[in-house]
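These are my notes from going through a structure, beginning with one helix and ending with the whole chain.

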Amino acid sequence: NSARALLVEHGAPVQPVQQAPPAPPVVAPRSSGKDLVIGLAKEIDAKNLAVFAASLRQTTTNCDLVLFADRPSIDRTLNTIVERFSVDLIPYDPTTLDPPQLRKFHASTLRWPLISRELDRRRSRNYRGVLFADGRDTAFQSDPFGAMLTSQQVFYGFNGVESRTIG
């Protein structure tokens, strides 16, 4: 109920949960198609984006890479990296998000509705696998989908380890 209380506190409408009809899957079963890496990076430093995008492209090219970035972070250097590594950059402005309640949330929370909308928009692409990643602190050492897509339907979750740092 803490999520419900948080929504009420921020003025978001709270309605009873209703059973919705199942949506068609974003990930296609038994597909040999492309994969998708998607995430949000608020105030991303160009060095972090370069490591994130370059390491992904070195491990797989059969992948769309989508990154939401707040408008103030986007500069010439970021655009150069985006072009070089084929990143679908989607600028967002936290002060203009709809519904207005989203504007009050931290980026770690507001990314989920943005990602959900983008997944809905890309549904027809029938991705083989989808990975949610934080572009500010992720580097790839091998194809992330090679290890994960060994069975039909799999969900992996990882809770970050704050006590350990890289470097």
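I looked up Arg76 in this predicted model and found that Arg76 lies in helix H3, which covers residues 76-84. I then checked its accessibility: Arg76 has a relative accessible area of 74%, and because the cut-off for exposed is over 50%, I list Arg76 as exposed. For its place in the fold I took the distance to Ala46, which is 30 residues away along the chain, and the two C-alpha atoms are separated by 9.7 Å.

Next I asked myself which residues of H3 are buried. They are Leu78, Ile81 and Val82, and seen down the axis of H3 they fall within an arc of 100 degrees, so they line one face of the helix. This fits the general geometry, since an α-helix has 3.6 residues a turn and residues three or four places apart therefore point the same way. On the other side of H3 I noted Arg76, Glu83 and Arg84 as exposed. I also looked for what covers the buried residues of H3, and found that the cover includes helix H2 (46-59) and strand S3 (87-92).

I then turned to the two ends of the helix. At the start of H3, a side-chain oxygen of Asp75 comes to within 3.2 Å of the backbone nitrogen of Thr77, while after H3 there is Ser86, which has a positive phi near 50 degrees.

Finally I recorded the wider setting: the protein chain has 5 helices and 4 strands, which run α-β-α-β-α-β-α-β-α from the N terminus on, and of its 167 residues 34% are buried.

Methods: Residues numbered from 1 in each chain as written. Predicted model: local features only at pLDDT ≥ 70, side-chain atom pairs only at ≥ 80, totals over all residues. Heavy atoms only, no water. Buried < 20%, exposed > 50% of the residue type's maximum accessible area, 1.4 Å probe, protein only. Arc of directions from axis to C-beta. Contact = heavy atoms within 4.5 Å. Polar contact = N/O pair within 3.5 Å; in protein donor to acceptor, adjacent residues only side chain to side chain.
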